[in-house]
Amino acid sequence: MKRHFFARKGFPPRILLMMLFLLVIFPVYTAYSADPGGSAITIKLGDYRFSPDSIQVVAGVPVRLVLVNTDRITPHNFTLKNRTGALDVDVDVSAGKTREVEFIPRVPGTYSFFCNRKLPFMKSHRDRGMHGTFEVVPAE
Ligand SMILES: [Cu+2]
């Protein structure tokens, strides 16, 4: 006689709990990772510069940065950190790759971003010109 799987003696309740947990968590997770409708800004990283190197966004509005490394060999990075501005972005982008980052700028102000890469005995990418300004303007 074939027994139903769940009716088997000693089926661990831990597994049932885990399945229940996944059922609850999964829809929440997919809703959270959906596009919040923020503006997407594409920034090219290559030849030791950012293009554009001047970005303006509105406080409280979600921002999605699409970081495109256009170089063939050189890995780059996008660092935008400022304690006062509540900004904490640090994304590595390998050569030829694209990475995205989403966040909500909250504090109006003008901040600088840069590439944190540096090879030993060489000028840093930042010193070679890989930096820019990120301006957060107050919402109307
Ligand atoms: Cu770089």
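Visitor: Which residue takes a positive phi in the hairpin of β5 and β6?

Guide: A86, with a phi near 55°. Four residues lie between the two strands of this hairpin. This is a predicted model: local features need pLDDT of at least 70, side-chain atom pairs count only at pLDDT 80 or more, and totals for chains, interfaces and linings use all residues. Residues are numbered from 1 along each chain as its sequence is written.

Visitor: What makes β5 and β6 a pair?

Guide: Two strands pair if DSSP finds at least two bridges between them. β5 (residues 76–82) and β6 (residues 87–93) are joined by seven bridges, so they meet that definition. They run antiparallel. K81 stands opposite D88 in β6.

Visitor: How many helices and strands does the protein have?

Guide: One helix and nine strands. Both are DSSP runs, numbered from the N terminus: helices are H or I with at least four residues, strands are E with at least two. Along the sequence, the pattern is α-β-β-β-β-β-β-β-β-β.

Visitor: Why do β2 and β7 stand at the edges?

Guide: Start with the open sheet of four strands, ordered β2-β1-β4-β7, with mixed pairing. β2 (49–51) and β7 (98–103) each have a single partner strand, so one side of each is left without a neighbour in the sheet. Neighbouring strands here are turned by 25° against each other on average, direction ignored. The axes behind that angle are lines fitted to C-alpha atoms, for helices over the stretch in contact; angles run from 0 to 180 degrees between N-to-C directions.

Visitor: How do you know that β4 and β7 pair?

Guide: Six bridges link β7 to β4 (residues 63–69), in the antiparallel sense. That satisfies the bridge rule, so they pair. V63 stands opposite F103 in β7.

Visitor: Why is F114 called buried?

Guide: F114 has 20 C-beta neighbours inside 10 Å. A residue is buried if 20 or more other C-beta atoms lie within 10 Å of its own, exposed if 12 or fewer, and partly exposed in between, with C-beta atoms placed from the backbone. So F114 counts as buried. F114 is found in strand β8 (residues 109–114). Its C-alpha atom is separated by 5.7 Å from that of M130, 16 residues apart along the chain.

Visitor: Why does E102 count as partly exposed?

Guide: E102 has 14 C-beta neighbours inside 10 Å, so E102 falls in the range between buried and exposed. E102 sits in strand β7. In the whole protein, 15% of the 140 residues are buried.

Visitor: Which residues does F78 touch, not counting residues up to four places away in sequence?

Guide: L45, L67, V89, V91, V93, F113 and C115. Two residues are in contact if their C-beta atoms, placed from the backbone, lie within 7 Å.

Visitor: Which residues have the most contacts inside the largest nonpolar core?

Guide: L45, L67, F78, F113 and C115, in a core of 15 residues. A nonpolar core is a set of buried Ala, Val, Leu, Ile, Met, Phe, Trp, Tyr and Cys residues joined through C-beta atoms within 7 Å. β4, β5, β8 and β9 (131–137) each give two or more residues to this core. The largest share, three residues, comes from β4.

Visitor: Where does pLDDT stay under 50?

Guide: Over residues 27–36, which have one contact beyond four places in sequence. pLDDT is the predictor's confidence in each residue, from 0 to 100. Where it is low, the predicted coordinates should not be read in detail. The protein averages 86, and 74% of the residues score at least 70.
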